[in-house]
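Colleague: I would like a close look at a single part of this model, taken slowly and with its surroundings kept in view.

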Amino acid sequence: MSNEFGFSINSLRFDENYTPAENTRLTTNFANLARGESRQQNLRSTLDMIDNRFNALANWDNPKGDRYSVELDIISVELNIDAARSDNALPIIEILQTTIVDHQTNQRFQGVTGNNFSSYVRDYDFSVRLLEHNKGKEGFSVPEQFGVLHGNLFQAFVNSATYKECFKKPPIICISVSTTKTYQQTENVHPILGVEYRQDEHSLTDQYFSKMGLKVRYFMPKGTVAPLAFYHTGDLLNDYSNLELISTISTMDTFQKIYRPEVYNANSAAGKSYRASLKQQDHSLTRIVYDREERGQLAIEQGKFVEECFIKPYQDILEKWSADFTL
């Protein structure tokens, strides 16, 4: 066996006909939407929300608000423990690729890669390892080296030839802010990302993502009612075009409204000092069916799956690879 890890990518269009692949991660937001009797209407409504949100933000030379649409592809990343073999690939990450379609010029642009982030190893870390580590203890703590293997795998993928052949720019991961931290509004306002929020102490998710080589900034775009967390590598404000930033805002603002309506579909916007709460009752529901309880249950099941099929069988190899990992 060689000591090199290899990566391969599969792409699946997320449209109203989307059906989760047999080997997909079932905890993803998009897989959750594609179940049940309302699946096709769910998907159609979600894509309409994304397009409408995109045109609301990209409102210059766009008088009817219908100039742009967004296409989404689910990018599934497989890891080959032995790069010389192709029969031991393990699914590890799923992200979204946006493509911007300009119907006025008939042009298509690659948008932001990343957006939603879903990972088997993260399921294991948060839903199995962290729970077992704190079971029966009075105080909360994290295990040693928590998130290091996951972070190194992510960085190895983003810096791989496989990633660079497919995507022009580093990923942006855009998710909800933490419910355990208070965010303070600043005077800094970006024309697309909106008003910036800051907080003095990073959340556990912020710390976990930092091991992936990602920095975080929090912005509340115009029309969004709570700040979003943008995880990135370089200069978030200058490395991406306005349309690229809008592609990730429109996509993830839509998913958050569906997934966390208490926060992102609240009936009033965040103030100067803000803490998100999933118990906030003054919010509206979208007409899109989303099973948040099922998603939580599946995260535990998939965390145990990756423990049995990935972590335990390859533990010695993974620990040595991670200890020796450098960019």
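Which residue is the bridge partner of I9 in β2? Please start from there and describe the strand together with what lies around it.

Modeller: This is a predicted model, and what follows should be read with that in mind. The bridge partner of I9 in β2 is V77, and this pair belongs to the pairing of strand β1, residues 6-14, with β2, in which the two strands run antiparallel and are joined by 9 bridges. β2 is also paired with strand β3, residues 89-102, again in an antiparallel arrangement, here with 13 bridges; within that pairing, I75 stands opposite I95 of β3. Strand β2 itself covers residues 68-80, and because 12 of its 13 residues are buried, it is largely enclosed by the rest of the structure.

From the strand one can move to F14, whose contacts, leaving aside residues up to four places away in sequence, are F30, L43, L47, L72, D73, I74 and F255. F14 is also one of the residues with the most contacts inside the largest nonpolar core, a set of 91 residues in which F209, F230 and F310 are named alongside it. The largest share of this core comes from helix α7, residues 242-259, which supplies 8 residues. As a general background to such a core, nonpolar side chains tend to be buried together in soluble globular proteins.

Among the residues that F14 touches, F30 deserves a closer look. F30 is found in helix α1, which comprises residues 29-33, and its relative accessible area of 0% places it among buried residues, for which the limit is under 20%. With the same exclusion of residues up to four places away in sequence, F30 touches F14, Y18, I74, E94, L96, N116 and F255. Of these contacts, Y18 lies 12 residues from F30 in sequence, while the C-alpha atoms of the two are 9.0 Å apart in space.

Charged side chains also take part in the surroundings of β2. The side chains of R108 and E71 meet in a salt bridge, with a distance of 2.8 Å from N to O; since R108 lies in strand β4, residues 107-119, and E71 in strand β2, the pair ties together parts that are 37 residues apart in sequence. Both residues belong to a network of salt bridges that links R13, E71, D73 and R108, and D73 is also one of the residues touched by F14.

For a salt bridge elsewhere in the chain, one may turn to R129 and D125, whose closest N and O atoms are 4.0 Å apart. These two residues are 4 residues apart in helix α3, residues 120-134, and are therefore separated by about one helical turn. R129 counts as partly exposed at 23% relative accessibility, whereas D125, at 4%, counts as buried. The count of salt bridges comes to 14.

Finally, the strand can be set against the whole chain, which has 10 helices and 10 strands. Of its 327 residues, 54% count as buried, and among contacts with a separation of 6 or more, 66% are accounted for by residues 24 or more positions apart. The chain has a radius of gyration of 20 Å, which agrees with the value near 20 Å that a compact globule of 327 residues would have, and its C-alpha trace spans about 60 × 50 × 45 Å along the principal axes.

Note on methods: Residues numbered from 1 in each chain as written. Predicted model: local features only at pLDDT ≥ 70, side-chain atom pairs only at ≥ 80, totals over all residues. Heavy atoms only, no water. Buried < 20%, exposed > 50% of the residue type's maximum accessible area, 1.4 Å probe, protein only. Pairing = 2+ DSSP bridges. Core = buried A, V, L, I, M, F, W, Y, C linked by side-chain atoms within 4.5 Å. Contact = heavy atoms within 4.5 Å. Rg over C-alpha atoms; globule rule 2.2 N^0.38 Å.
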